[in-house]
Amino acid sequence: MASRSQAAKWQAVFNLRTAIAVMCIVLMGWFAAAFAFDNKEVFLPGETSVGHYLFEASCSSCHEGFKPVSNENCSRCHQAELAEDKHGAAKFRDPRWAGELAKIEALTCTTCHNEHVHMFGRGVHLQPDLCMACHEGIIQGDLQSHDGFAADGCWTAGCHNYHDHRSISTGFLIENLDQPPMLPVQKLPDRTVLTQVETAPAPDLSREFLGGGA
Amino acid sequence: MLMRAIALLCLTLYLTLWGISPAQADGVDQAKIDSSTQLWETSAHALNEVNCSSCHQAEQTQAFVAQPGVESCQTCHEQAVDTFLLGKHGIRLLEGATPLTPAMARLPMQAAAQDWQMTCNSCHDVHAVNTVQAATDSCLGCHNDTHSLNYQNSRHAELFAADSNLPRPSAAAVSCATCHLPRHEMGTGDNVFTQVNHNNTYTLLPRDRMVKDVCMNCHGAEYSYNSIFDDDLVEANFDAPPTLALESFDLVRAFDARRTDQGTE
């Protein structure tokens, strides 16, 4: 009896070991295959945001090895969005605001933005009450305008834009209050293309198109 | 037995992970050359002496190029291509991947267009180089969501239909491109010129970017904000005036009144 139960126990350990070994081999094979066949989607930790998913298999677009994503990684594509950054380096060079950086690392993209995590249907993970790190006065009384507002509504309500404030600032809205639905002059930028000659030159290729090409 | 099982498992995984993207070939005959030449002859390209070889011949090697790519256009249209590569349409090319196809999209796309590859000539007729087609018809060749399909019911579409003379839409025509690939003026004084931002993602979010860059060329600020923050109205492609009244404007109005009172006291 005793020897039979010992054998059964030994068998169980052996089976567990085999199972773990097989699992490891399968996982290694799977990851190796993902690399070999350029199907790196298997490494994604979560659903990629709407702005980034089209190149989500290109890990190196944002990640340099296992280093944290740097501002340079982001600004490679997002320079235009940051051209008029209201909370950019220039703001915090001003001694009046420099101290605020101790409250929140506002100059690091990943303080607020995080890929592979989803909130508010936007491609960024953002603590909704982030603004309160510096602007709590706006809802707590010293700036009456926003008394009683929720701490997480600044941008989720669509009122404020952290980076580019030009078209949603109080000044801009006051300036443009009570405009008619259609402005007196409705005009999109026109586009003119100048030409250098009156008539087209003779086409300089023809047979090449039939002969195929490189 | 164990080895065989592992081998089989790996093989299955390899095969599931394996993806094949078929290359597309293009048949060219004399009729095709004649029609392309005819389109080219009255184009801005021809009238600026941009000839066949400008695009169809490699500058260094003089080798014939049957299907010039994005790089070819980029040699002259640097700003257009640079911005295209930053939007969803072009980002895969910037990142060294295969061109975007509608099959990869999360938005609904036309069934017939699923495998079309997104480069410059997906939207632009590169021989006629008129941009009327690129302004709406090209978009609707792929995009099949409610907002896109409702464009035809909008006042914007009426303006476009009334004033979309070749070779390019006028300053009064409102097309898909007007909002999603907006024109913007650059330079100062006598040297003002208009560029087209080909980053199709740029004006989408945050929505106030669209308001400033696009809507307020024609519409008042309140009308613009009340329209663009109404999801149903966006879906309907702005077929009616907005019914939303954003509280932000009441706040600003109250703030302004308070400020004025203090100023007059």
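# Exercises on a Predicted Two-Chain Model

In this predicted model, the mean pLDDT of the elements of chain B is lowest in helix H1 (residues 2-17) of chain B, at 51, and highest in helix H10 (residues 146-149) of chain B, at 97.

**Exercise 1. Determine which stretch of chain B has a pLDDT below 50, and how many contacts it has beyond near neighbours in sequence.**

Solution.
- Step 1. Begin with the chain as a whole: chain B has a mean pLDDT of 87, and 89% of its residues reach 70 or more.
- Step 2. Then locate the stretch: residues 11-25 of chain B have a pLDDT below 50.
- Step 3. Beyond near neighbours in sequence, this stretch has eleven contacts in the model.
- Step 4. Predicted coordinates should not be read in detail where pLDDT is low.
- Step 5. For the model as a whole, the scores are ipTM 0.79 and pTM 0.83.

**Exercise 2. Describe the side of chain A that touches chain B by its elements and by its residue classes.**

Solution.
- Step 1. Count the participants: 57 residues of chain A and 68 residues of chain B take part in the contact.
- Step 2. Identify the elements of chain A that each supply at least two residues to this side: they are helix H1 (2-36), helix H8 (170-175) and helix H9 (207-210).
- Step 3. Seven residues, the largest share of this side, come from H1(A).
- Step 4. Sort the residues of this side of chain A: 32 are nonpolar, 18 are polar and seven are charged.

**Exercise 3. Decide whether Gln79(A) and Asp82(B) are buried, partly exposed or exposed.**

Solution.
- Step 1. Place Gln79(A): this residue is in the loop between helix H2 (71-78) and helix H3 (89-93) of chain A.
- Step 2. Gln79(A) has 10 other C-beta atoms within 10 Å. A residue with 12 or fewer is classed as exposed, so Gln79(A) is exposed.
- Step 3. Compare sequence and space: Gln79(A) and Glu56(A) are 23 residues apart in sequence, and their C-alpha atoms are 20 Å apart.
- Step 4. Place Asp82(B): this residue belongs to helix H5 (residues 78-84) of chain B.
- Step 5. Asp82(B) counts as partly exposed because it has 14 C-beta neighbours inside 10 Å.
- Step 6. Asp82(B) and His198(B) are 116 residues apart in sequence, with 8.0 Å between their C-alpha atoms.

**Exercise 4. Explain why helix H14 (residues 221-228) of chain B is described as largely enclosed by the rest of the structure.**

Solution.
- Step 1. Set the background: 28% of the 265 residues in chain B are buried, and the chain has 16 helices and two strands.
- Step 2. List buried residues of H14(B): among them are Ala221(B), Glu222(B), Tyr223(B) and Ile228(B).
- Step 3. Eight of the eight residues of H14(B) are buried, and therefore this helix is largely enclosed by the rest of the structure.

**Exercise 5. Characterise the contact between domain 1 of chain B and domain 2 of chain B.**

Solution.
- Step 1. Note the bounds: domain 1 of chain B covers 67-201 and domain 2 covers 205-265.
- Step 2. The centres of these two domains, taken over C-alpha atoms, are 27 Å apart.
- Step 3. Eleven residues of domain 1 of chain B touch nine residues of domain 2 of chain B.
- Step 4. On the domain 1 side, H10 and helix H12 (176-180) of chain B are the elements that give two or more residues.
- Step 5. This side of domain 1 of chain B divides into three nonpolar residues, eight polar residues and no charged residues.

Terms used
Residues numbered from 1 in each chain as written. Chains lettered and ligands numbered in written order. Predicted model: local features only at pLDDT ≥ 70, side-chain atom pairs only at ≥ 80, totals over all residues. Helix = DSSP H or I, 4+ residues; strand = E, 2+ residues; numbered from the N terminus. Nonpolar A, V, L, I, M, F, W, Y, C, P; charged D, E, K, R; others polar. Buried ≥ 20, exposed ≤ 12 C-beta atoms within 10 Å, placed from the backbone. pLDDT = per-residue confidence, 0-100. Contact = placed C-beta atoms within 7 Å. Domains from an automatic or database assignment.
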